[in-house]
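User: I should like to go through this model and ask, for each label attached to it, what justifies that label.

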Amino acid sequence: MVLEGLANSLKDTLRKIMNAPHIDASLIKEVVREIQRALLLADINAALALKLTKEIERRALTEKPPAGMSSRDHAVRIVYEELVKILGETREVPLKKHVIMMVGLYGQGKTTTTGKLAFYFKKRGLRVGLIAGDVHRPAAYDQLTQLGARIGVPVHGEPGETRAPKIVREGMEKFAGFDVVLIDTSGRHSLEEDLVEEMKRIANVAQPDERFLVIDAVMGQAAGPQAKAFHDAIQLTGVIITKMDGSAKAGGALSAVQATKAPVVFIGTGEHIEELEKFNPPGFISRLLGMGDIQALIEQAQGLVSEEDAEETARKIMSGRFTLKDMYSQMEMVSGMGPLQKLMDMLPFGGGNKMSKEQVEETQRRLKKFKVIMSSMTQEELENPRIIKSPRIKRIARGAGVGPMDVKGLLKHYENSRKMVKDITSNRKKRKALMRAMQVDEK
Ligand SMILES: Nc1nc2c(ncn2[C@@H]2O[C@H](COP(=O)(O)OP(=O)(O)OP(=O)(O)O)[C@@H](O)[C@H]2O)c(=O)[nH]1
Ligand SMILES: [Mg+2]
């Protein structure tokens, strides 16, 4: 696993937050100290680690959790968001017709990564050609040819030829009708003048859309200045960090490269051809923290209803009127819990103290679908779903781009919820308990 040490310490820290009886300043300070230690151990730049932890501390001590979010979830969310922030932005490498030139120093993983990328594009249905532009290392051509043969991608090269631009020109002609052309180039011990010259000459011939620097995670923070030097020399469009699997310093390399503004686009996570990942900061941090559902937590916070809205909905529900819109807000609130937890426990979608990860995900999926379906309903239909009969179902389904069964599913869901709500609101005892739990005055 990538960055195992850092992942373990961060997980321990989050567990501490989740298990704390309450969140106070001393807990936050302790947690922040631990995060800082973990970041330093992962070779993250000390100034960056300090800035990050200061920001976590400041936000955790001053920001109020949004209505419906517990202070624990809120603290976890802050840690997550700030970690994502230091990894910064990335960019999507498009799946289109284009030319990619790979550059980098000796032994950083250029040739291996060129093969991995070829496989990546081929798997996505693009026609790929490889050009063996490394004329300095004798075995480079064979290495690329073997890789190409394994994944069924043609390789152009001329063993014995010493002029890389010539090979590249011929390769470009040969692969003119292909979707993606990948050019492997030679490495050097350092970014010397002749390497820069050669890179520029090849770039002149190939006019690559992408110039990717391949850099080894073992470099740690030193990857930052190196990426910057290459960026200054040939305007990188992306950086690929390899050997993320084997280095305790991977965090340092990652954060240092991101700080140079040459975006990390992929990471290499092993020697095998498929061990290449698109780099995605939120996903990367979620996995590091071992919280697959953290994204859901964030979305909840963003889509969370205010406390007033929540009360309004609750009041409406208890007045016996329960429309499709109410059902929707209710489902939205379920993910929020907090002050509404008691209500939710008694309502159809709540159940238990906390929804499991799967339940939250399932609710989110449903919500998305319901939202689409409901957006093609009229106001009248939303307020009074009973009028939705067969012709309307067909129209709504067509408008939402779903099948009639999906619309029927939503209506059935609504009907069940309405019955359960009715059951609660018409039973005096349940209703009283609910009012108390909600601290809503009966009007
Ligand atoms: N564990 C691990 N090993 C990798 C990864 N990427 C590359 N390697 C290994 O790193 C070594 C060097 O890789 P190459 O692809 O030959 O490096 P290069 O930059 O082309 O080297 P030169 O052409 O000599 O400059 C090989 O043994 C690869 O198997 C990775 O993501 N993880
Ligand atoms: Mg090579």
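User: Let us begin with the shell around ligand 1. How do its residues divide into nonpolar, polar and charged?

Analyst: This is a predicted model. In the shell around ligand 1, 2 residues are nonpolar, 11 are polar and 7 are charged. The shell holds 20 residues, and those that come nearest are Gly-109, Lys-110, Thr-111, Thr-112 and Asp-245. Helix α5, residues 110–123, gives the most to this shell, with 4 residues.

User: What makes the approach of Lys-110 to ligand 1 a polar contact?

Analyst: The cut-off is a pair of N or O atoms within 3.5 Å. A backbone N or O atom of Lys-110 lies 2.8 Å from an oxygen atom of the ligand, so the pair qualifies. Two side chains can be set against the cut-off as well. Lys-116 has a side-chain N or O atom 3.3 Å from an oxygen atom of ligand 1, and a polar side-chain atom of Glu-271 also lies 3.3 Å from a ligand oxygen. As for cover, ligand 1 taken alone exposes 660 Å², of which the protein buries 81%.

User: Why is strand β6 called mostly covered?

Analyst: A residue is buried when its relative accessible area is under 20%. In β6, residues 238–242, 5 of 5 residues are buried, so the description follows. The cover is found on both faces: Gly-238, Ile-240 and Thr-242 are buried on one side, and Val-239 and Ile-241 are buried on the other.

User: How do you know that β5 and β6 pair, and in which sense?

Analyst: Pairing requires at least two bridges between the strands. Strand β5, residues 210–216, and β6 have 5 bridges in the parallel sense, and therefore they pair. Within this pairing, Leu-213 stands opposite Val-239 in β6. The chain passes from β5 to β6 through helix α9, residues 223–234, in a right-handed β-α-β crossover.

User: What links β6 to strand β7?

Analyst: The two strands pair in the parallel sense over 3 bridges, β7 being residues 264–268. Ile-241 has Ile-267 in β7 as its bridge partner. The chain crosses from β6 to β7 by way of helix α10, residues 250–259, and this β-α-β crossover is also right-handed.

User: In what order do the strands lie in the sheet, and which are the edge strands?

Analyst: The open sheet has 8 strands in the order β3-β2-β4-β1-β5-β6-β7-β8, with mixed pairing. Its edge strands are β3 (155–156) and β8 (276–278), because each pairs on one side only. Elsewhere in the sheet, strand β1, residues 98–103, runs parallel to β5 and is joined to it by 4 bridges. Met-102 stands opposite Phe-212 in β5.

User: What makes the phi of Lys-243 worth a remark?

Analyst: Most residues other than glycine have a negative phi. Lys-243 is not a glycine, yet its phi is positive, at about 55 degrees. This residue lies in the loop between β6 and α10.

User: Why is Lys-243 called partly exposed, and is Lys-261 buried or exposed?

Analyst: Partly exposed covers the range between the limits of under 20% for buried and over 50% for exposed. Lys-243 has a relative accessible area of 34%, which means that it falls in that range. Lys-261 reaches 70% relative accessibility and therefore counts as exposed. Lys-261 likewise has a positive phi, near 75 degrees, in a residue other than glycine, and its place is in the loop between α10 and β7.

Terms used: Residues are numbered from 1 along each chain as its sequence is written. Chains are lettered from A and ligands numbered from 1 in the order in which they are written. This is a predicted model: local features need pLDDT of at least 70, side-chain atom pairs count only at pLDDT 80 or more; totals for chains, interfaces and linings use all residues. Side-chain values use heavy atoms; hydrogens and water are left out. A residue is near a molecule or strand if one of its heavy atoms lies within 4 Å of it. A polar contact is a pair of N or O atoms within 3.5 Å; within protein, one must be able to donate a hydrogen and the other to accept it, and residues adjacent in sequence count only if both atoms are side-chain atoms. Accessible areas come from the Shrake-Rupley method with a 1.4 Å probe; for residues, only the protein chains shown count as cover. Ala, Val, Leu, Ile, Met, Phe, Trp, Tyr, Cys and Pro count as nonpolar, Asp, Glu, Lys and Arg as charged, and the others, Gly among them, as polar. Buried means under 20% relative accessible area, exposed over 50%, partly exposed in between (1.4 Å probe, protein chains only). A crossover is right-handed if, with the strands pointing away from the viewer, the path from the first strand over the helix to the second runs clockwise.
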